[in-house]
Amino acid sequence: MKTVTIVILCIIAVLIIAMVVLYFLGKNMQKKQEAQQAQIDAMKQTVSMLIIDKKRMRIKDAGLPQMVVDQTPKMLRNSKLPIVKAKVGPQIMSLIADEKIFDSIPVKKEVKAVVSGIYITDVKGLHGKQAPVEQKKKGFFKRAIEKAQEKAGATPVK
């Protein structure tokens, strides 16, 4: 056999082994995530809170309890999390919001939120007017395509 075919066969074998390992690791991670989600669902409760501020910040700078910072893996300590500072009852707390709902949380408004420990999973009720959801800015190419379609008389695609 030529050395080129041996090298290609070795590379293919390594790739197949890597795919099998990733498959089983993925199944394991999915089971862990489902167990964590079940724990979050079991502990959730609806709480009325006044949202003071929200921003993405590092877990060290967020003002979270020291126990939470210590339990966080060292690799994730520098990543930015969606942090919400809210007044829950008489005390002001720093809470971690879910990525899906972080943009819809209004600032300086009173809301009813579903909380599990220090994790906000959902915003249920909004008192007063709901803050308008900010629309993303359109990129250069999308604006150019819309202008071209307007000139041609076609309806723009969103």
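**Lysine 54 and two surface patches**

Lysine 54 is partly exposed in this predicted model, with a relative accessible area of 21%. That value places lysine 54 in the middle class because buried is reserved for residues under 20% and exposed for those over 50%. The residue belongs to strand E1, which covers residues 45-58.

The surroundings of lysine 54 include residues from elsewhere in the sequence. Once neighbours within four places in sequence are set aside, lysine 54 is in contact with Ile83, Val84, Phe102, Asp103, Ile105 and Val107. One of these partners, aspartate 103, is separated from lysine 54 by 49 residues in sequence, while the C-alpha to C-alpha separation in space is 9.3 Å.

A second lysine, at position 147, sits in helix H3, residues 140-152. Lysine 147 has a relative accessible area of 56% and is therefore exposed, since the exposed class holds values over 50%. On the surface, lysine 147 takes part in a patch of positive charge together with Lys137, Arg143 and Lys151.

The other patch is nonpolar. Val4, Ile8, Ile12, Ile16, Val20, Tyr23 and Phe24 make up this surface patch, with an area of about 690 Å². Among its members, isoleucine 8 lies in helix H1, which runs over residues 3-43. Isoleucine 8 has a relative accessibility of 45% and so counts as partly exposed. Partly exposed residues can still join a patch, because the requirement there is over 30% relative accessible area and no salt bridge.

Conventions: Residues numbered from 1 in each chain as written. Predicted model: local features only at pLDDT ≥ 70, side-chain atom pairs only at ≥ 80, totals over all residues. Heavy atoms only, no water. Patch = residues over 30% accessible without salt bridge, like charges linked within 9 Å, V, L, I, M, F, W, Y side chains within 5 Å. Areas by Shrake-Rupley, 256 points an atom, 1.4 Å probe, with all protein chains shown as cover. Salt bridge = Lys/Arg side-chain N within 4 Å of Asp/Glu carboxyl O. Lys, Arg positive; Asp, Glu negative; His and termini not counted. Charge placed at Lys NZ, Arg CZ, Asp CG, Glu CD. Helix = DSSP H or I, 4+ residues; strand = E, 2+ residues; numbered from the N terminus. Buried < 20%, exposed > 50% of the residue type's maximum accessible area, 1.4 Å probe, protein only. Contact = heavy atoms within 4.5 Å.
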